[in-house]
Amino acid sequence: MKELNPSLPLEQIQSEMTALKSQIQVLEQERAALTINNDVITHENDSPFAIVEAYRRQARENAQLFAELKGIEDAIAALDLQLQYKKTELARLPRRLQQINQEQQLEAAKEVAQVHAERINQIAGELATEIRLLKACADELSPLYWQVYYKPFITGFKTISVPYVRSDGAVWTIVNRIV
C-alpha cells in the first residue's frame, strides 16, 4: 500500500472516494443480476454435507458464471480496501493540514524574528563603536577633569556590555558582549 499523501486536496480525495463507491455499487448490481436465477435450492432438512455438495455441483455446472462472480467479489474487495485507505487518508488530512499551517506560521514568525535579531546586532555594533569612542574621549579628558573637579569624568567602562543575538540553527540566544 502506498504512503499517505497529505498534499492531496480534500476535494480530490472525496471525489476519489465517490468514484470508488460508485464502482462498488455497479459491481454489486452486476453480481446481484448474475445470481438472481442461479441460487442453489436447498431444503431445511438437508444435511450440511448435502448443502455443500449442492453448491459444488452448481459451481461445476456453471463454472464460467462462478468464475465471473468470484472476479466481481475480488474486485469489490480490492475497491473496498482502497476506499478504507482513502477514508484513513481523509481522517489524517485535517491534522496534517493543521501541522502544515503551524509550520508556515512558525517560518513566517522566524523570518520576522530574524529581521529583528539582525537589527539588534547592527545596533549593538553601532553602540559598541559609540561606547569605544566615548571611552577614548573619556580617557583623553579624565586627567584634565581630575585636575579641575577632583573626580573621574566617566566610570564603569569595564562592565559595559551590549546585547547580541546568535543562533546554532535551532536555538537562538541573546548574550551580552562586553565592550
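This report walks through the salt bridges of a predicted model and one nonpolar patch on its surface.

**Salt bridges**

Across the whole structure, six salt bridges turn up. Three of them are set out here, with their closest N to O distances.

| Pair | N to O distance |
|---|---|
| Arginine 56 and glutamate 53 | 3.7 Å |
| Aspartate 74 and lysine 70 | 2.8 Å |
| Glutamate 89 and lysine 86 | 3.7 Å |

Let's take helix H2, which spans residues 48–61, to begin with. Arginine 56 and glutamate 53 both sit there, three residues apart, or about one turn of the helix. Arginine 56 is partly exposed at 49% relative accessible area, and glutamate 53 is partly exposed too, at 24%.

Helix H3 hosts the pair of aspartate 74 and lysine 70, four residues apart and again about one helical turn. Aspartate 74 is partly exposed, with a relative accessible area of 40%; lysine 70 is partly exposed as well, at 48%.

Now for the third pair: are glutamate 89 and lysine 86 buried or exposed? Glutamate 89 is buried, its relative accessible area being 3%, and lysine 86 also counts as buried, at 9%. Because these two are three residues apart in helix H3, about one helical turn separates them. Shared partners extend the picture: salt bridges link Glu16, Lys86 and Glu89 into one network.

**A nonpolar patch**

Helix H3 covers residues 63–149, and leucine 144 has its place in that helix. Together with Val148 and Tyr149, Leu144 makes a nonpolar surface patch of about 310 Å².

Notes
Residues numbered from 1 in each chain as written. Predicted model: local features only at pLDDT ≥ 70, side-chain atom pairs only at ≥ 80, totals over all residues. Heavy atoms only, no water. Patch = residues over 30% accessible without salt bridge, like charges linked within 9 Å, V, L, I, M, F, W, Y side chains within 5 Å. Areas by Shrake-Rupley, 256 points an atom, 1.4 Å probe, with all protein chains shown as cover. Salt bridge = Lys/Arg side-chain N within 4 Å of Asp/Glu carboxyl O. Buried < 20%, exposed > 50% of the residue type's maximum accessible area, 1.4 Å probe, protein only.
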